[in-house]
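Open your viewer and get ready to click along. We will go from confidence to the ligand, and then into the core.

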Amino acid sequence: MKIWITGASGMLGTELASKLSSHDLLLTGRSDLDISNENAVLNFCKQNKPDTVINSAAFTNVDACETEKDLAWMVNAWGCRNLALACSTVGSRLISISTDYVFEGDSSRPYHEFDVANGGKTVYGQTKFAGEQFIRQLCPNHLIVRIAWLYGNNGKNFVDTMLSLAEKNLSEIKVVNDQIGNPTSTSAVTYLIKDLLRTDYKGVVHGTCEGSATWYDFAKTIFELSGLHQKVVPCTSKEFVRPAPRPSNSRLEKRVIQMLGLAPMPEWKEELAKYLKTSI
Ligand SMILES: NC(=O)C1=CN([C@@H]2O[C@H](COP(=O)(O)OP(=O)(O)OC[C@H]3O[C@@H](n4cnc5c(N)ncnc54)[C@H](OP(=O)(O)O)[C@@H]3O)[C@@H](O)[C@H]2O)C=CC1
Ligand SMILES: Cc1cn([C@H]2C[C@H](O)[C@@H](COP(=O)(O)OP(=O)(O)O[C@H]3O[C@@H](C)C(=O)[C@@H](O)[C@H]3O)O2)c(=O)[nH]c1=O
């Protein structure tokens with residue numbers, strides 16, 4: 001299958017590129033092709049006619065999106081629009097990666113694929129949601145794969161941030177304990193996408209690892225599994241203020257994976273242990 005992966009030098013993009021290497025891959029990073037450039041995207045699709053486009057390009061710095069709003073809209077929303085238009089013009093399937101942050105985050109239960117999203121409270125979430133809407137409206141042959149709390153090689157992520165903080169010999173690290181979600185590895189997401197490529201499902205799919213944790217639980221487990229005796233102190237979101245307010249509840253239920261009869265996602269602690277073994 002001829003697959004074009006955007007954001008191929010990002011955290012998920014590099015993992016996708018490595019695990020899908022048996023396919024005929026077209027890999028582009030921002031310096032090769034800016035997805036916010038409508039003509040560039042259309043010309044690339046017309047010239048290369050990919051069977052499938054996997055869009056893993058995005059402006060992912062959640063706090064920076066609050067101040068660089070125009071850029072966030074151009075990449076996360078307009079970029080998806082350009083890819084959706086180009087895919088429907090040349091007849092490619094579009095698989096675009098989205099996020100738990102599209103939800104408001106105040107529900108007491110995990111969000112499933114048929115819950116109503118509204119973009120939530122952050123510019124990042126709102127622009128990612130607008131990108132989803134463009135795709136739904138412009139490209140019928142689409143999959144939107146919502147993932148969350150992602151870590152892996154070749155990208156900024158919470159696991160690596162915690163390990164770098166531990167190297168600073170801080171007496172303690174404060175971590176929020178009132179936001180809950182599903183820590184998820186790029187490896188698990190890539191296996192899911194491989195499975196999804198074998199289906200012709202259209203619509204939204206939630207693809208996070210099984211089990212949930214607060215960021216505090218996540219941090220403690222990172223240190224435990226790494227054999228590091230780092231003191232972690234739980235705190236509230238009000239004590240750890242960030243420019244973008246993170247959702248309290250980011251948990252995603254995976255109703256579609258179950259309905260499709262696909263392999264369940266792995267448990268988050270097992271995935272984390274595997275990642276730490278290979279990355280330390
Ligand atoms: N990281 C996370 O925790 C989560 C991520 N996601 C989603 O998963 C996907 C992959 O995320 P992740 O791998 O972490 O992100 P990264 O930030 O690691 O990678 C994103 C890539 O997109 C590229 N990019 C940025 N702007 C453009 C542009 N205008 N045109 C083309 N490429 C561009 C970046 O290039 P450059 O490096 O040059 O800027 C980067 O290589 C994204 O859709 C993200 O929203 C969803 C949930 C959680
Ligand atoms: C570094 C640090 C963070 N935190 C908190 C802040 C925040 O609430 C939470 C996570 O912070 P981060 O900035 O690492 O993660 P954040 O950028 O919010 O991660 C999000 O990224 C985007 C791209 C997504 O799509 C989401 O699914 C999610 O993974 O941890 C602490 O409490 N203590 C700390 O020392």
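Colour the chain by pLDDT, the predictor's confidence in each residue from 0 to 100: the mean is 97, and 100% of residues reach 70 or more. The model scores ipTM 0.98 and pTM 0.98. This is a predicted model, in which local features need pLDDT of at least 70, side-chain atom pairs count only at pLDDT 80 or more, and totals for chains, interfaces and linings use all residues. Residues are numbered from 1 along each chain as its sequence is written, while chains are lettered from A and ligands numbered from 1 in the order in which they are written.

Next, select ligand 1 and the 27 residues around it (C-beta atom, placed from the backbone, within 6 Å). G7, G10, M11, A57 and G155 come nearest. Now show helices (H or I, at least four residues) and strands (E, at least two), which are DSSP runs numbered from the N terminus. α1 (11-19), α4 (69-90) and β4 (93-99) each supply at least two shell residues, and α1 gives the most, with 3.

Now for the inside: select L83, A84, C87, L94, V145, I193 and A219. Within the 76 residues of the largest nonpolar core, these touch the most other members. Such a core joins buried Ala, Val, Leu, Ile, Met, Phe, Trp, Tyr and Cys residues through C-beta atoms within 7 Å; buried means 20 or more other C-beta atoms, placed from the backbone, within 10 Å of a residue's own. α4 contributes the largest share of this core, 8 residues.

Note on methods. Buried ≥ 20, exposed ≤ 12 C-beta atoms within 10 Å, placed from the backbone.
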